[in-house]
Structure formats: structure tokens, C-alpha cells
Amino acid sequence: MAPRRVTPSGSLLLLSPQIPMPATAPGLPISNARLAMVIFLAFETMLFAACIAAFLVFRLSATAWPPADLPRLPITVTWLNTFVLIASGYAMTRAVGGLRRADQRQLERGLMAAGILGSIFLAVQGSEWIRLVRHGLTLSTGMYGATFYTLIGFHGVHVLSAVLWLLLLMVGVQRDRFRNRVRVPIELCAMYWYFVVAVWGALFYLVYLL
Amino acid sequence: MSLRHAASSAVTALILALPEQVLAQGCAMCRTTLAGSDDPLVGAINTSVIFLMSMPYLIVGSIGGWAYMTVRRHHAASPAETHESVEVEGDHT
């Protein structure tokens, strides 16, 4: 009788990455942690889809969008900000590449660059929001203001949580916690980061360009 | 027949006996709105419904494709290990 082969799958390890655990347990093509993240992202996608569907109802039924008495959204600055977010996604890819090659320096640089670019994105969004509020566009300014602040604010909260998660990971990297092929937390954060960048592409087109 | 079964049967019979129109009132606002074809809101709601309806298929399809590719890549990379991993205790008895 052959012994039963027990293949431990990767645990989430979101905040306590000190336990040695490979990215994918031997014998399993997809770790439990990665699968859980994919399911979570599917849930998040449906959440954003519901918000976008509500936005589409108001946007496509409006005769004038934005209403004549309300300020236009800052397209140029947001274009630049979009490139900043895309660059942060590239930086995250570099970080994951460094992790796979066990290049600590590239990992640290990639994570730091992604964090800084994500923070710049948030700062620019915040300053634009302040400007728009000063020009009279608030959450209660009809459907235009409500849908804008709900959709973009919802995404901003996601970017903020991704940046905070990244900060925690950077602390772990500084303390050298990701040796011994422990890469699940960073790869999960990267998945979340790519999701946030991808969602922004859809939101930017719908809210700013459509 | 117990009292519980009798009650559930009675409720089921009552629901089935209701006219179809009464059940359709759950979305009275949408129904009334969509009845007028000139309103641009009709097209907006239809587009929104199609968009939202397509999302679960898109998500499940994407996850399925990703899982298929990952498993396939894993099998190609380590066929021996994969065959070993499916061996369980009961197979050799």
C-alpha cells in the first residue's frame, strides 16, 4: 500500500509571511491562496460591474453629459495619471520578476516604485477631487456627481488598500522575510495590483472619455 | 401528514394558484419604464442589463481559461510529479 501523498497548499499569509511556504505546493498546479485570490477578484469584478451598470443607465439616458452648469472632468491630468498607474503595474511586474529570480534588489526596487507610483496616483486624484469640489461638483450634485464620486472613489479606496498592502510587504522584504521561495504574499498583492490597474482602464474610458 | 408538511403544501399551492401577472409585479418600475419605446432610458437600461448579464460568463470563462492553461503548463513542466500526486491510498489496495 503506497503512502497517501499529502500536498499542503499555500496559505494566505497576507500579513504574516514569516512561515516558509512555496508559491505552489508540490503536486498542485494552483495553490489555494491563488485560487482564493482569483475568487475574491471575481467578486470584486462583479461589484465594479454593478456600479458600472448603474452608471451606464444614467450616462446613456442623459441628453447632456455632463450637465451644462457643472465642470468638465480633467482629461489631460487624468491621462497622465493613467500612465502613472500603468507604470506602477510595470514596476510590480519587475518586482515579481525579481522575486522569481531571487533578485532581492530588483524586488525591493520594484515594490518601492509601484508603491510610490500608486501614491502619486492617489495624490493626483485627491487634488483633482478638491479642485472639482471647489468648482461645485459634489456627491449630491445630481447623478453626474454621484456616479463620478462613487465609481472613482470606490476605485481610489482599492488603490489605497493596495498601497497599504504593498507597504506591509515592503516591511517584510526589508526584514528579509521572503527568502526560502516564500513568494505567495507578493504574488497575491501583484494580482490585486494588476486588477486595480485593469479596472482603472475601464473606469477611465467610461467616466472620462465616453 | 404532519402540521408542518400541511402548512408548506398549503403555501406552495397558494403560490401556484396566484395569477402570473401578480408575480410579474416584482419589477413594476422597470416594466412601466420599458413599456415606452421613445425614452432613451429604455436603451440605457437594456444596454446595462446586457452588460451586467455578460459579466458572470466573462468571469467564469476567464477563470476557466486561466485554470486550464495553468494546469496544462504544470503538467507539461512536471509530468512525473503530477502523476504521483494523484496516487492515493485506495488505488493500491
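**Figure 1. Helical pattern of chain B in the predicted model**. Read along the sequence, chain B of this predicted model follows the order α-α-α-α-α. Its secondary structure comprises five helices and zero strands. Chain B has 93 residues, of which 12% count as buried. The accessible surface of chain B amounts to about 7200 Å², and carbon and sulfur atoms account for 67% of that area.

**Figure 2. The largest nonpolar core**. This core contains 55 residues, among which A:Met92, A:Leu111 and A:Phe148 touch the most other members. Two or more residues are supplied by each of α1, α2, α3 (104-134), α4 (142-174) and α5 of chain A. The greatest contribution, 18 residues, is that of α5(A).

**Figure 3. Surroundings of A:Phe148**. With neighbours within four places in sequence set aside, A:Phe148 is in contact with A:Leu73, A:Trp129, A:Leu132 and A:Leu137. Its further contacts are A:Gly153, A:Val207 and A:Tyr208. A:Phe148 is also one of the three residues that touch the most other members of the largest nonpolar core.

**Figure 4. A nonpolar surface patch on chain A**. A:Leu60, A:Trp79, A:Leu80, A:Phe83, A:Ile86, A:Tyr205, A:Leu209 and A:Leu210 form a nonpolar surface patch of about 760 Å². The elements giving two or more residues to the patch are α2 (75-100) and α5 (184-209) of chain A. Four residues, the largest share, come from α2(A).

**Figure 5. A:Leu60 in the nonpolar patch**. A:Leu60 lies in helix α1 (residues 32-61) of chain A. The relative accessible area of A:Leu60 is 35%, so this residue is classed as partly exposed. In soluble globular proteins, nonpolar side chains tend to be buried together.

Methods
Residues numbered from 1 in each chain as written. Chains lettered and ligands numbered in written order. Predicted model: local features only at pLDDT ≥ 70, side-chain atom pairs only at ≥ 80, totals over all residues. Heavy atoms only, no water. Patch = residues over 30% accessible without salt bridge, like charges linked within 9 Å, V, L, I, M, F, W, Y side chains within 5 Å. Areas by Shrake-Rupley, 256 points an atom, 1.4 Å probe, with all protein chains shown as cover. Salt bridge = Lys/Arg side-chain N within 4 Å of Asp/Glu carboxyl O. Buried < 20%, exposed > 50% of the residue type's maximum accessible area, 1.4 Å probe, protein only. Core = buried A, V, L, I, M, F, W, Y, C linked by side-chain atoms within 4.5 Å. Contact = heavy atoms within 4.5 Å.
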